[in-house]
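Could you walk me through this structure in the viewer, one selection after another? I'd like to know what to click next and what I'll find there.

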Amino acid sequence: QVQLVESGGGTVQPGGSLRLSCVASGNIARVRSMGWYRQAPGKEREWVATIAHGGTTNYADPVKGRFTISRGATKNPVYLQMNSLKPEDTAVYYCNANQRDGVDYWGNGTLVTVSS
């Protein structure tokens with residue numbers, strides 16, 4: 001029903017910045033919130049940030065103050081601006097869409113590598 005495509009990943013030096021984008025398509029009328037998750041090598045997937053339907057944002061503690069989730073005027077695409085990147089931010093970043101009925105959709109991820 002919903003397709004999510006992430007882009008913007010790449011390799012950046014510590015302290016650098018990247019902006020990820022997530023384009024949602026399909027039947028997106030029922031989407032109530034979108035967010036970003038990440039999975040680092042050898043670790044479980046963790047939540048990074050969420051933007052609710054009304055625009056309220058929330059962040060995980062490790063990225064608070066460095067990352068900003070936002071969206072376009074039409075609420076699509078959703079972005080993740082990542083500043084002051086650290087090596088521990090290295091991960092595959094996944095876009096998530098949550099419907100009003102609780103169903104979640106995921107993109108295939110985009111790799112962010114912060115070199116030492």
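Start with the aromatic rings: this predicted model has one aromatic pair. Select Tyr-37 and Trp-106 and show their side chains, since these two residues form the pair. The ring centres are 4.8 Å apart and the planes meet at 70°, an edge-to-face arrangement. If you wonder why those two values get quoted, a pair of aromatic rings is described by the distance of the centres and the angle of the planes.

Now colour the strands that hold the two rings. Tyr-37 belongs to strand β4, residues 31-39, while Trp-106 belongs to strand β10, residues 104-106, so the pair links parts of the chain that are 69 residues apart in sequence. Switch on a surface and look at the two residues again: are they buried, exposed or partly exposed? Tyr-37 is partly exposed, at 22% relative accessible area. Trp-106 is partly exposed as well, with a relative accessibility of 36%.

Stay on Trp-106 and display what surrounds this residue. Leaving out residues up to four places away in sequence, Trp-106 touches Leu-4, Tyr-37, Arg-45, Tyr-94, Cys-95 and Asn-96. For a distance to try yourself, pick the C-alpha atoms of Trp-106 and Met-34: they are 9.9 Å apart in space, with the two positions 72 residues apart in sequence.

Leu-4 was on that list, so click there next.

Leu-4 sits in strand β1, which covers residues 2-7. With a relative accessible area of 6%, Leu-4 is buried. Which residues does Leu-4 touch, not counting residues up to four places away in sequence? Among them are Cys-22, Val-23, Ala-24 and Met-34, then Cys-95, Asn-96 and Ala-97, and also Tyr-105, Trp-106, Gly-107 and Asn-108.

From Leu-4, draw a line to Ser-84. The two C-alpha atoms are 26 Å apart, and the residues are 80 positions apart in sequence. Ser-84 is in the loop between β8 and β9, the latter being residues 91-99. Check the backbone there: phi of Ser-84 is positive, about 50°, although the residue is not a glycine. Most residues other than glycine have a negative phi, and most peptide bonds are trans. On the surface, Ser-84 is partly exposed at 41% relative accessibility.

For another positive phi, jump to Lys-75, where the angle is near 70°. Lys-75 lies in the loop between β7 and β8. Its relative accessibility is 34%, which counts as partly exposed.

Keep that loop on screen and zoom in on Asn-76 and Pro-77. Is the peptide bond from Asn-76 to Pro-77 cis or trans? The bond is cis, with omega near 5°. Pro-77 is in the loop that runs between β7 (67-71) and β8 (78-82).

Next, step back into the strand before this loop and select Phe-67, which lies in β7. Phe-67 is buried, with a relative accessible area of 2%. Show its surroundings and set aside the neighbours within four places in sequence: the contacts of Phe-67 include Arg-38, Val-48 and Tyr-59. Further along the chain, Phe-67 is also in contact with Leu-80, Gln-81, Met-82, Asn-83, Leu-85, Asp-89 and Tyr-93. Take Leu-80 from that group: Phe-67 and Leu-80 are 13 residues apart in sequence, and their C-alpha atoms are 6.7 Å apart.

Finally, zoom out and show the whole chain as a cartoon. How many helices and strands are there? The chain has zero helices and eleven strands. Its radius of gyration is 13 Å, close to the 13 Å that the globule rule gives for 116 residues, so the chain is as compact as a globular protein of that length. Turn the C-alpha trace along its principal axes and you get spans of about 40 × 25 × 20 Å.

With the surface back on, 41% of the 116 residues count as buried. The chain exposes about 6,000 Å², and carbon and sulfur atoms supply 47% of that area. Of the contacts with a separation of 6 or more, 52% are between residues 24 or more positions apart.

For a last selection, colour by charge: there are 12 positive and 8 negative side chains, and the centres of the two sets are 8 Å apart.

Conventions: Residues numbered from 1 in each chain as written. Heavy atoms only, no water. Helix = DSSP H or I, 4+ residues; strand = E, 2+ residues; numbered from the N terminus. Rg over C-alpha atoms; globule rule 2.2 N^0.38 Å. Buried < 20%, exposed > 50% of the residue type's maximum accessible area, 1.4 Å probe, protein only. Contact = heavy atoms within 4.5 Å. Areas by Shrake-Rupley, 256 points an atom, 1.4 Å probe, with all protein chains shown as cover. Lys, Arg positive; Asp, Glu negative; His and termini not counted. Charge placed at Lys NZ, Arg CZ, Asp CG, Glu CD. Phe/Tyr/Trp six-rings, centres within 6.5 Å; stacked < 30°, edge-to-face > 60°.
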